[in-house]
Amino acid sequence: MPAVAFIINGTLAKAGGHFLPLCRAVAVRTGWTPEFLITDKANAGIAAARDAAEANADLVVAVGGDGTVRSCAEGLSGTDVPLGIIPVGTGNLLARTLGIPVHAKAALAVALELGGAGGSTDRRIDLATADGTPFTAMAGMGLDAAVVAATRFKHHLGWLAYAMYGAIHLAQPPARFTIRMDDRAPVEREARSVVVGNSGLLPGGFTLLPDARVDDGVLDVGILAPHGPFGWPRVAARVLAHSGHQDRQLERFQARKVEITAHAILPREVDGEVVAPDQTLTVAVRSRVLTVRAPAGRRPLTRGRGNPPE
């Protein structure tokens with residue numbers, strides 16, 4: 001029988017939830033030999049996933065939020081062992097990008113029933129790195145990170161918490177950024193936030209970078225610089241409409257490596273989790289280093305238009 005290693009966020013296990021017995025029951029029913037690894041910290045998933053791959057697990061399933069998924073992705077990168085995802089966090093950015101259901105039973109069907117009733121398939125996708133640390137969805141400096149840092153109730157309020165704290169921070173002044181993309185001349189901007197995405201989703205589920213794809217070998221860059229009394233409503237309307245319109249209030253670029261330098265120390269975030277404030281953030285892409293199990297029949301993960309930058 002094939003072996004599956006479930007790497008489960010310790011908070012879920014300690015809460016006495018139904019995830020362990022549910023995972024065990026579905027695994028046994030679908031012909032897998034399950035193993036359960038409980039992690040107390042998100043970063044512990046790196047070693048757990050790597051050890052599972054070295055022990056010849058046929059599949060690793062991350063049960064948790066973006067931190068658990070990110071650490072398992074790092075542990076499995078460069079291997080042929082696929083990563084399944086049971087998204088039980090707040091943002092669930094990679095799971096949303098791939099179309100993995102939020103309901104645990106449906107997500108388990110995708111992870112464990114390859115080519116079966118769940119209609120799942122294995123895909124090779126990119127990982128990005130922020131100052132050398134791999135991530136799956138998005139990293140940023142400025143307003144987006146300030147909102148993440150201030151959101152103390154995200155686990156209870158979900159996307160509503162991001163919206164509430166975003167509104168509170170709208171009045172903060174812009175910062176000066178220098179952004180170098182690949183070998184091109186640097187871009188100088190006064191902006192509220194600079195984000196770099198492997199996928200296009202912001203925490204809260206909003207699509208900021210509609211052309212971003214997780215397997216295209218490039219990163220998508222968003223520079224948010226709304227100004228005037230109608231700046232934020234215009235940017236918000238564009239984001240909600242998945243508009244590709246470009247102007248100085250919301251600019252988008254593509255590159256394989258992005259070096260961001262702020263003229264002040266700013267908050268930073270990676271996949272919806274706060275990292276230490278700093279003046280710089282360097283993001284690069286590692287092309288197709290991770291296998292993920294995702295629903296089949298979704299729209300292609302390659303770019304819908306345009307070509308990678310030279």
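Is Cys 72 buried or exposed in this predicted model? Cys 72 is buried, and its relative accessible area is 0%. The legends below start with the whole chain and then move to close-up views.

**Figure 1. The whole chain, with 10 helices and 14 strands.** Welcome to the overview of this predicted model. Of the 310 residues in the chain, 54% are buried. Among contacts with a separation of 6 or more, 71% are between residues 24 or more positions apart. The accessible surface of the chain is about 13,400 Å², and carbon and sulfur atoms account for 55% of that area.

**Figure 2. Two buried cysteines, Cys 23 and Cys 72.** Cys 23 has a relative accessible area of 1%, so it counts as buried. For Cys 72 the value is 0%, and this residue is buried as well. If you are looking for disulfides, a search of the whole structure finds zero.

**Figure 3. Helix α3 and what covers it.** This helix spans residues 44-54, and its buried residues are Gly 45, Ile 46, Ala 48, Ala 49, Ala 52 and Ala 53. A reminder helps when reading that list: an α-helix has 3.6 residues a turn, so residues three or four places apart point the same way. The cover over the buried residues of α3 includes three strands and a helix, namely β1 (3-9), β2 (33-39), β3 (59-64) and α4 (66-76). Do look just past the helix too: α3 is followed by Asn 56, which has a positive phi, near 70°.

**Figure 4. Strand β3 and its two parallel partners.** Six of the six residues of β3 are buried, which leaves the strand mostly covered. Leu 59, Val 61 and Val 63 point one way, while Val 60, Ala 62 and Gly 64 point the other way, and all are buried. In a regular strand the side chains alternate between the two faces of the sheet. On one pairing, β1 and β3 run parallel and are joined by five bridges, with Val 4 standing opposite Leu 59 of β3. On the other pairing, β3 and β4 (residues 83-87) are also parallel, over five bridges. Here Gly 64 has Pro 87 of β4 as its bridge partner. To follow the path onward, trace β3, α4 and β4, which make a right-handed β-α-β unit.

**Figure 5. Ser 120 and its backbone oxygen partners.** Ser 120 sits in strand β5, which covers residues 120-130. With a relative accessible area of 5%, Ser 120 is buried. A polar atom of the Ser 120 side chain lies 2.8 Å from the backbone oxygen of Val 110. The side chain of Ser 120 also reaches the backbone oxygen of Glu 113, at 3.3 Å.

**Figure 6. Leu 127, another residue of strand β5.** Leu 127 is buried, at a relative accessible area of 0%. What is in contact with Leu 127, leaving aside its neighbours within four places in sequence? The list is Ala 73, Ser 77, Pro 134, Phe 135, Thr 136, Asn 198, Ala 284, Val 285, Arg 286, Val 289 and Leu 290. Take Asn 198 as one of these: Leu 127 and Asn 198 are 71 residues apart along the chain, and their C-alpha atoms are separated by 7.0 Å.

**Figure 7. Strand β11 between two antiparallel partners.** Why is β11 (residues 219-224) largely enclosed by the rest of the structure? Because six of its six residues are buried. Leu 219, Val 221 and Ile 223 point one way from β11, and Asp 220, Gly 222 and Leu 224 point the other way. Strand β10 (residues 193-197) runs antiparallel to β11 and is joined to it by five bridges, with Ser 193 opposite Leu 224. Strand β12 (residues 250-255) is also antiparallel to β11, through six bridges, and here Leu 219 stands opposite Ala 255.

**Figure 8. His 245 in the loop between α10 (231-240) and β12.** His 245 has a relative accessibility of 44%, so it counts as partly exposed. Leaving aside neighbours within four places in sequence, His 245 is in contact with Arg 238, Leu 250 and Arg 252. The C-alpha atoms of His 245 and Val 235 are separated by 9.9 Å, and these two residues are 10 residues apart along the chain.

Definitions and conventions:
Residues numbered from 1 in each chain as written. Predicted model: local features only at pLDDT ≥ 70, side-chain atom pairs only at ≥ 80, totals over all residues. Heavy atoms only, no water. Buried < 20%, exposed > 50% of the residue type's maximum accessible area, 1.4 Å probe, protein only. Helix = DSSP H or I, 4+ residues; strand = E, 2+ residues; numbered from the N terminus. Contact = heavy atoms within 4.5 Å. Disulfide = S-S within 2.5 Å. Pairing = 2+ DSSP bridges. Right-handed = clockwise from strand over helix to strand, strands pointing away. Polar contact = N/O pair within 3.5 Å; in protein donor to acceptor, adjacent residues only side chain to side chain. Areas by Shrake-Rupley, 256 points an atom, 1.4 Å probe, with all protein chains shown as cover.
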